[in-house]
Amino acid sequence: QVQLVESGGGLVQPGGSLRLSCAGSGIARSINAMGWYRQPPGKQRELVAAITSGGSTNYADSVKGRFTISRDNAKYTVFLQMNSLKPEDTAVYYCNANVLTIDFRNLEVWGQGTLVTVSS
């Protein structure tokens with residue numbers, strides 16, 4: 001099965017930048033859409049950005065123009081470049097992938113999350 005591990009979170013000042021990485025490992029027929037979600041303190045998890053295997057992207061309105069999602073299909077890896085960070089971007093960020101398994105099952109896989117704190 002595929003497992004996802006995020007890295008790159010941490011503490012950053014408002015206006016700063018961070019780059020999150022999500023590395024997938026394991027065996028699958030393919031990984032289709034990949035994305036980043038976040039869960040701010042006391043709130044529900046929300047979609048931040050997603051990217052298909054063909055490179056099509058979509059973003060939450062709150063991050064458009066500031067965040068960029070990209071992926072390396074050969075390495076099952078997805079990135080999130082976050083610029084001009086705001087305190088309201090503070091959240092646990094989760095990587096997500098839609099996986100087609102060896103036995104042709106469609107699975108949704110989640111990483112364990114990485115904390116991003118934007119504060120002065």
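1. **Arg38 and Asp89.** In this predicted model, Arg38 and Asp89 form a salt bridge. Their closest N and O atoms are 2.9 Å apart. Arg38 sits in strand β4, while Asp89 sits in the loop between β8 and β9, so the pair ties together parts that are 51 residues apart in sequence. Both residues are buried. For Asp89 the relative accessible area is 1%.

2. **Arg66, a further partner of Asp89.** Arg66 also forms a salt bridge with Asp89. Here the closest N and O atoms are 2.8 Å apart. Arg66 belongs to the loop between β6 (57-59) and β7, and Asp89 to the loop between β8 and β9, so this pair links parts that are 23 residues apart in sequence. Arg66 is buried, with a relative accessible area of 11%. Buried means under 20% relative accessible area, so Arg66 at 11% qualifies.

3. **The network.** Which residues are joined through shared salt-bridge partners? They are Arg38, Glu46, Arg66 and Asp89, and they make one network. The structure holds five salt bridges in total.

4. **A salt bridge between exposed residues.** Asp61 pairs with Lys64 in another salt bridge. The closest N and O atoms are 3.1 Å apart. Asp61 is exposed, and Lys64 is exposed too. Compare the Arg38 and Asp89 pair, where both residues are buried.

5. **Thr90.** Thr90 is placed in the loop between β8 and β9. That loop also holds Asp89. Is Thr90 buried or exposed? It is buried, with a relative accessible area of 19%. The cut-off for buried is under 20%, so Thr90 at 19% falls inside it. Please keep that value in view when reading the label.

6. **Polar contacts of Thr90.** A polar atom of the Thr90 side chain lies 2.9 Å from the backbone oxygen of Pro87. A polar atom of this side chain also lies 2.9 Å from the backbone nitrogen of Val118. Beyond residues up to four places away in sequence, Thr90 touches Pro40, Pro41, Val116, Thr117 and Val118. Val116, Thr117 and Val118 are residues of β11.

7. **Strand β11.** β11 has two faces. Thr114, Val116 and Val118 make up the covered face. Leu115 and Thr117 make up the uncovered one. On one pairing, β11 runs parallel to β2 (residues 10-12), with three bridges between them. Val12 stands opposite Val118 there. On another, β11 runs antiparallel to β9, again with three bridges. Tyr93 has Thr114 as its bridge partner in β11.

8. **The core.** The largest nonpolar core has 30 residues. Trp36, Leu80, Met82 and Tyr93 have the most contacts inside it. At least two residues of this core come from each of β3 (18-25), β4 (30-39), β5 (46-51), β7 (67-72), β8 (77-82), β9 (91-100) and β11 (114-118). Which strand gives the most? β9 does, with five residues. Tyr93, named above for its contacts inside the core, is also the residue whose bridge partner in β11 is Thr114.

9. **The four-stranded sheet.** Four strands form an open sheet, ordered β1-β3-β8-β7. The pairing is antiparallel. Why do β1 (3-7) and β7 each have one side without a neighbour in the sheet? Both stand at the edges with a single partner strand, so one side of each is left free of a neighbour there. Neighbouring strands of this sheet are turned by 15° against each other on average, direction ignored.

10. **β7 with β8.** Six bridges join β7 to β8, and the two run antiparallel. Arg71 has Val78 as its bridge partner in β8. Both β7 and β8 are among the strands that supply at least two residues of the largest nonpolar core.

11. **Gln112.** Gln112 is found in the loop between β10 (106-110) and β11. With 48% relative accessibility, it counts as partly exposed. Exposed means over 50%, so Gln112 at 48% stays below that cut-off. Setting aside neighbours within four places in sequence, Gln112 is in contact with Leu4, Val5, Glu6 and Tyr94. The C-alpha atoms of Gln112 and Cys95 are separated by 7.9 Å, and the two residues are 17 residues apart along the chain.

Technical notes: Residues are numbered from 1 along each chain as its sequence is written. This is a predicted model: local features need pLDDT of at least 70, side-chain atom pairs count only at pLDDT 80 or more; totals for chains, interfaces and linings use all residues. Side-chain values use heavy atoms; hydrogens and water are left out. A nonpolar core is a set of buried Ala, Val, Leu, Ile, Met, Phe, Trp, Tyr and Cys residues joined through side-chain atoms within 4.5 Å. Buried means under 20% relative accessible area, exposed over 50%, partly exposed in between (1.4 Å probe, protein chains only). A salt bridge is a side-chain nitrogen of Lys or Arg within 4 Å of a carboxyl oxygen of Asp or Glu. Two strands pair if DSSP finds at least two bridges between them. A polar contact is a pair of N or O atoms within 3.5 Å; within protein, one must be able to donate a hydrogen and the other to accept it, and residues adjacent in sequence count only if both atoms are side-chain atoms. Contact means heavy atoms within 4.5 Å. Axes are lines fitted to C-alpha atoms, for helices over the stretch in contact, and angles run from 0 to 180 degrees between N-to-C directions.
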